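Let's take a walk through this one together, following the charged pairs before moving on to strands and the place where the chains meet. Have the viewer open as you read.

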Amino acid sequence: MTNIVVLVKQVPDTYSERKLSDSDFTLDRESADAVLDEINERAVEEALKITEAGEGEVTVLAVGPDRATDAIRKALSMGAHKAVHVSDPALHGSDVIATAKVIAAAIRRLDSVDLIIAGNASSDGGSGGVPAILAELLGMPQLTHARSVTVEGGTIKVDRETADEGVTHLEAQLPAVVSVTEKINEPRYPSFKGIMAAKKKPVETLTVADLGVDASEVGLDNAWSKVLEAAPKPPREAGQKIEDSGDGGVKIAEFLAAQKLI
Amino acid sequence: MTLSYGSDATSTELAAGLSDVLSAKCDLDHVRRVWSEGEFDRSLWDEVSSLSFWGALIPEADGGLGVRSEDVVRSLEEFGYSGASLPLTETVAVVVPTIHRFADDEMRDRLLPGLLSGASVSTAAVMPGGTVALFADVADVALVAAEDGLYVLERDQFTVEPVHSPDPTSRLGRIKPRPDAFTPHARLGEGALDEARLRAVWATAAVLNGVSRRMLDLTVEHTKQREQFGRAIGTFQAVKHLAADAWVAVESSRPCSWYAAYAHQEGLPDAAVAASVAMASASDAARLVGDSALQLHGGIGFTWEHPLHFWLKRGKLLEHSYGSRQFHLRTLGVAIRDEQAGSEALFADV
């Protein structure tokens with residue numbers, strides 16, 4: 001019996017143009033198509049695999065505005081059993097620490113959580129800090145950047161892979177916090193049965209006050225970091241074009257030599 | 001009446017679900033490969049079968065999803081849009097619900113599990129005037145219209161004679177029943193033929209609208225990129241007008257099939273008229289969009305290398321698969337005449 005909480009986030013689709021709002025430089029969520037972050041689909045997939053191999057329940061937990069219900073429903077249609085949605089205008093602009101505090105409070109309300117699975121980093125904020133901070137707040141071991149996860153009884157084993165450090169093998173006692181990378185699996189497509197079933201699955205909606213979190217701990221005004229200014233990325237400059245009139249190879253070699261590449 | 005097509009509506013969610021899979025598993029390269037290789041696209045069939053889609057229109061208690069007809073219409077559009085070559089329309093909209101409703105318990109128990117899982121492929125030859133069906137040679141189960149009703153034939157009860165089609169991936173064939181195939185046991189209950197025809201018509205209209213939408217999107221994409229006289233051809237008024245007319249035709253046609261599905265689901269008296277309106281308007285739109293698309297692409301639209309022809313040819317086939325535009329206009333004419341005479345006509349012999 002493994003009860004798993006999967007952290008999911010609704011993010012702007014990476015295919016659409018993403019920008020910050022002009023007023024407070026937080027993410028402009030209205031300007032782009034919103035989707036369930038792809039790495040979260042993999043986190044849900046991993047949770048489903050673990051519960052399908054044994055027993056247990058998968059709870060999806062999302063912190064975000066009302067429209068995040070679409071992302072939650074996607075996770076439920078993949079097969080997750082129920083969801084908790086923390087939605088509160090006071091959360092607007094919260095940093096990773098405040099977000100992790102809210103998530104920790106929401107998880108403490110749940111009965112017997114054995115495992116928490118998150119993506120290693122969201123595709124919008126991209127700080128990758130929430131899993132580690134959450135583990136600290138909950139007093140659980142953290143096994144981050146997992147490319148494979150095995151649960152045996154009360155033990156979890158993870159192959160952790162990062163670009164800098166290569167692969168390390170981690171082992172911990174449950175309950176624990178795991179974050180997964182894009183190598184972990186290929187997420188399933190929701191079946192039509194799953195899509196229809198998701199409509200009937202329970203989604204509990206909570207505010208910050210419901211969680212007993214003080215409003216002075218969250219939101220943009222209480223964030224530890226703040227964006228003071230933002231400007232659009234300058235357009236890429238056109239590259240150098242070389243007309244090949246028989247000496248193209250020489251010119252490429254000269255270019256590479258000038259860059260000290262050869 | 002209310003038809004809901006918001007983001008949380010069942011129709012939208014199912015269509016998005018199917019579109020996700022088809023856009024990933026049936027991209028342009030895949031479509032081209034299926035057209036080139038000439039084999040039935042079994043891998044995509046299995047992929048879609050794994051979505052538990054085939055039983056969408058039959059009750060949950062019988063292994064389906066219990067979804068309403070109008071809630072699969074937009075999925076059918078996505079299917080047409082995708083370019084996938086599958087007997088999807090026939091299976092989900094015609095064969096499974098018709099067998100579920102009209103077959104006896106023995107036949108239902110024997111055939112439905114395979115149809116729902118995708119282990120059996122099926123098709124339907126239900127329109128008047130012949131037994132030509134799409135995907136005939138790969139069908140394990142076929143609904144075949146005869147003079148006295150609708151029959152369910154299984155693989156060993158018919159042979160298939162290939163029929164030329166503008167779209168070879170649709171595997172058009174004439175179903176030739178064996179002499180002893182039309183047994184009383186194989187005959188579906190009273191009303192099955194009308195029901196199957198109605199279903200095939202509104203469902204195919206929806207698919208055809210998806211085909212038209214794809215041709216329009218390909219065209220808009222092309223006219224934004226293709227430059228002539230130093231600017232994108234899409235900026236020329238003559239091009240814009242053709243594209244706008246095409247858009248109006250498609251968008252006016254789509255609600256006709258939505259309504260036809262709804263009218264059928266509700267058993268409204270105008271269900272047959274609505275189905276013929278849907279098919280006639282979808283055919284008109286497909287013809288207008290297809291012709292404009294071909295012209296606006298210039299010479300490249302005429303080549304095998306450009307993808308436009310996959311949808312153009314599919315459209316031409318679907319325009320004639322479940323009653324041509326003329327057939328449905330005549331049906332509407334007869335319906336108007338008979339309404340005045342006080343009787344109802346359903347795809348009467350016209």
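Across all chains, the rule counts 37 salt bridges, and keep in mind that this is a predicted model. Start with A:R188 and A:E52, whose side chains meet with N and O 2.8 Å apart. What does this pair tie together? A:R188 sits in the loop between strand 10 (176-180) and helix 5 (192-198) of chain A, while A:E52 belongs to helix 1 (residues 38-53) of chain A, so the salt bridge connects parts that are 136 residues apart in sequence. A:R188 has a relative accessible area of 25%, so it goes down as partly exposed; A:E52, at 53%, is exposed.

Now for a pair within one helix. A:R73 and A:D70 form a salt bridge with their closest N and O atoms 3.9 Å apart. That is inside the 4 Å cut-off for a salt bridge. Both residues are in helix 2 (residues 69-78) of chain A, and because they are 3 residues apart, about one helical turn separates them. A:R73 is partly exposed at 24% relative accessibility, and A:D70 is partly exposed too, at 38%.

Over in chain B, look at B:R110 and B:E154, where the closest N and O atoms of the salt bridge are 2.5 Å apart. This pair links distant parts of the chain: B:R110 is in helix 6 (residues 105-117) of chain B and B:E154 in strand 4 of chain B, 44 residues away. Both ends are partly exposed, B:R110 at 36% relative accessibility and B:E154 at 21%. Some salt bridges share partners, and in this way A:D70, A:R73, A:K199 and B:E13 are joined into one network.

B:E154 also leads us to the strands, since it is the bridge partner of B:V141. Strand 4 (residues 149-154) of chain B pairs with strand 3 of chain B in the antiparallel sense, over 6 bridges, and a hairpin joins the two through 2 residues. Strand 3 of chain B also pairs with strand 1 (residues 122-125) of chain B, here in the parallel sense and over 4 bridges; B:A125 has B:V144 as its bridge partner.

Is strand 3 (residues 141-146) of chain B mostly covered or mostly open? Mostly covered: 6 of its 6 residues are buried. In a regular strand, side chains alternate between the two faces of the sheet. Here B:V141, B:L143 and B:A145 point one way and B:A142, B:V144 and B:A146 the other, and all are buried.

For a buried spot in chain A, try A:T59 in strand 4 (residues 58-63) of chain A. Its relative accessibility is 5%, so it counts as buried. Its side chain makes a polar contact of 3.3 Å with that of A:K82. Beyond its neighbours within four places in sequence, A:T59 is in contact with residues including A:I4, A:V6, A:V84 and A:L110.

Finally, the interface. There, 22 residues of chain B are in contact with 12 residues of chain A, and the two chains bury about 1400 Å² between them, 63% of it on carbon and sulfur atoms. The rule finds 4 salt bridges across this interface, including the one between A:K200 and B:E60 at 3.3 Å, N to O. It also finds 6 residue pairs in polar contact. On the chain B side, helix 1 (residues 10-25) of chain B gives the largest share, 9 residues. That side divides into 9 nonpolar, 8 polar and 5 charged residues.

How values were computed:
Residues numbered from 1 in each chain as written. Chains lettered and ligands numbered in written order. Predicted model: local features only at pLDDT ≥ 70, side-chain atom pairs only at ≥ 80, totals over all residues. Heavy atoms only, no water. Contact = heavy atoms within 4.5 Å. Buried area = accessible area lost by both parts, 1.4 Å probe. Polar contact = N/O pair within 3.5 Å; in protein donor to acceptor, adjacent residues only side chain to side chain. Nonpolar A, V, L, I, M, F, W, Y, C, P; charged D, E, K, R; others polar. Buried < 20%, exposed > 50% of the residue type's maximum accessible area, 1.4 Å probe, protein only. Pairing = 2+ DSSP bridges.
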